[in-house]
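Here is a protein model to question term by term. Each answer sets a value against its cut-off.

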Amino acid sequence: MRTLVIGWASFRHGEATAGDVLSMRRIDEALSAVGMPHDLAWSPVYRPDALSYEEVDPARYSHVVFVCGPAHGWQIREVHRRFAHCWRIAVGVTVIDPDDDTVTGFDHVLPRDHGGIAVPDLSTEAATDEVLVTGIILAPEQREYGDAGRHADVHSAVTEWIAGIDCGRVPLDTRLASKDWERCETPDQFTSILSHLDIVVTTRLHGLVLGLRAGVPVLAVDPVAGGGKVTAQADALGWPALIPAEEVVRPEILDSWWRWCSSVQGRAVAALRALPTDNRLVQDLVKALKTGPMR
């Protein structure tokens, strides 16, 4: 006996949602706890290095367990065809039409909701690990820097790197809007989001400034060759975690500063930068207003 555990996250043309994957993880935990031999198969798009659903040998399995999502669609019909010799069980699924052949094709169905009756989703019980919540704030193209702007190359390097980091990624935009629900309307809303983050990764001046204002360690990357306003602000604030545009292509430098921002030291230094200071620009403005010519 050997069981193959699959779900919508196993299909190339399915989708891997957090709930789907957690539900499969819960079944994995349960079968492991009772010593039942089993494998989890994944979409080659979602997890290209894992056991591929498309390449498993059906003859190796006696049972197939389909986990989570709707019991509906051609992919599930293909499961019934491909694994016709197996005992097929659906667990934690939504049954929309109990007479549909995708449902009746299973030997046993354990629904999460059907006919107005529901049980808690399997994802509520799966074990999870805490990871760092990271805000990603990227600057738009800044034409004022001319040929010194390296935004496209820098952003490509940063996004490729952060995609390989085990963290909760939150794309953010400092631009405000009154009619767009995907953006904050006020700076207070935006800074409130920042206060709940663990780290900020940014190529934008105000990503750096407001992140530190919230006491959050910031991994800042200047997208301008030779240094632009991000470098200037890092110097003004005495913030060390700054990577020049010329060095962002080296992942080991990003890794090193990520570790520092994640460390106790990085968090302590960021907390100190959150303390308010007297800005000389305000003082100089007041002085200029007082001493300027009267018209």
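Two strands pair if DSSP finds at least two bridges between them. Helices (H or I, at least four residues) and strands (E, at least two) are DSSP runs, numbered from the N terminus. This is a predicted model, where local features need pLDDT of at least 70, side-chain atom pairs count only at pLDDT 80 or more, and totals for chains, interfaces and linings use all residues. Residues are numbered from 1 along each chain as its sequence is written, and side-chain values use heavy atoms, with hydrogens and water left out.

Q: What is the order of the six strands in the open sheet with mixed pairing?
A: The order is β2-β1-β3-β4-β5-β6.

Q: What makes β2 and β6 edge strands?
A: Each pairs on one side only. β2 covers 38-40 and β6 covers 117-118.

Q: How do you know that β5 and β6 pair?
A: Pairing takes at least two bridges. β5 (residues 108-114) and β6 have two bridges, in the antiparallel sense. Asp113 stands opposite Ala118, and His114 stands opposite Ile117. The two strands form a hairpin with two residues between them. In the turn, Gly115 has a positive phi of about 60 degrees.

Q: What makes β4 and β5 a pair?
A: Five bridges join them, against the required two. The strands run parallel. Thr94 has Asp113 in β5 as its bridge partner.

Q: Which helix is in contact with β5's neighbour β4, and where does Asp121 lie?
A: Contact means heavy atoms within 4.5 Å. Asp121 lies in the loop between β6 and β7. Leaving aside neighbours within four places in sequence, Asp121 is in contact with Ser23, Cys68, Gly92 and Arg112. Its C-alpha atom is separated by 40 Å from that of Gln265, 144 residues apart along the chain. The helix on β4 is α1 (residues 18-33), which also touches β1 (3-7), β2 and β3 (63-67).

Q: What is the pairing in the sheet of five strands?
A: Parallel, in an open sheet with the order β8-β7-β9-β10-β11. β8 (167-172) and β11 (242-243) stand at the edges with a single partner strand each, so one side of each is left without a neighbour in the sheet.

Q: How do you know that β9 and β10 pair?
A: Three bridges link β9 (residues 199-202) and β10 (residues 218-221), in the parallel sense. That meets the minimum of at least two. Ala220 in β10 is the bridge partner of Thr202.

Q: Which strands does helix α5 touch?
A: α5 (residues 187-194) packs on the sheet and touches β7 (132-137), β8 and β9. Its direction makes about 165 degrees with that of β8. Axes here are lines fitted to C-alpha atoms, for helices over the stretch in contact, and angles run from 0 to 180 degrees between N-to-C directions. α6 lies across β7, β9 and β10, running at about 165 degrees to β10.

Q: Why are α6 and α7 called roughly parallel?
A: Angles under 35 degrees count as roughly parallel, over 145 as roughly antiparallel, 65 to 115 as roughly perpendicular and the rest as oblique. The axes of α6 (residues 205-213) and α7 (residues 229-237) cross at roughly 25 degrees and come within 8 Å. The two helices are therefore roughly parallel.

Q: Which residues make the contact of α6 with α7?
A: Leu205, Leu208, Val209 and Leu212 in α6 meet Lys229, Val230, Gln233, Ala234 and Leu237 in α7. By class, seven are nonpolar, one is polar and one is charged. Ala, Val, Leu, Ile, Met, Phe, Trp, Tyr, Cys and Pro count as nonpolar, Asp, Glu, Lys and Arg as charged, and the others, Gly among them, as polar.

Q: Why are α8 and α9 called roughly perpendicular?
A: Their axes cross at roughly 70 degrees and come within 4 Å. The perpendicular range is 65 to 115, so α8 (residues 251-262) and α9 are roughly perpendicular. Trp260, Cys261 and Ser262 of α8 meet Val264, Gln265, Gly266, Arg267 and Val269 of α9. The contact has four nonpolar, three polar and one charged residues.

Q: What makes a space a pocket?
A: On a 1 Å grid over the protein atoms alone, a pocket is an open set with protein on both sides within 12 Å along at least five of seven lines. A cavity is a set of points where a 1.4 Å probe fits but cannot get out. Lining residues have an atom within 4 Å of a point. Grid points are joined across faces, edges and corners, and a volume is the space filled by probe spheres set on the points.

Q: How many residues line the largest pocket?
A: There are 18, with Val209, Leu237, Arg273, Thr277 and Asn279 nearest its centre. The volume of the largest pocket is about 570 Å³. α6 gives the largest share of the lining, six residues. By class, the lining has eleven nonpolar, four polar and three charged residues.

Q: Which residues line the second largest pocket?
A: Ala16, Thr17, Ala18, Val21, Leu22, Arg25, Tyr46, Arg47, Thr128 and Asp129 do. Its volume is about 340 Å³. Five of the lining residues are nonpolar, two polar and three charged.
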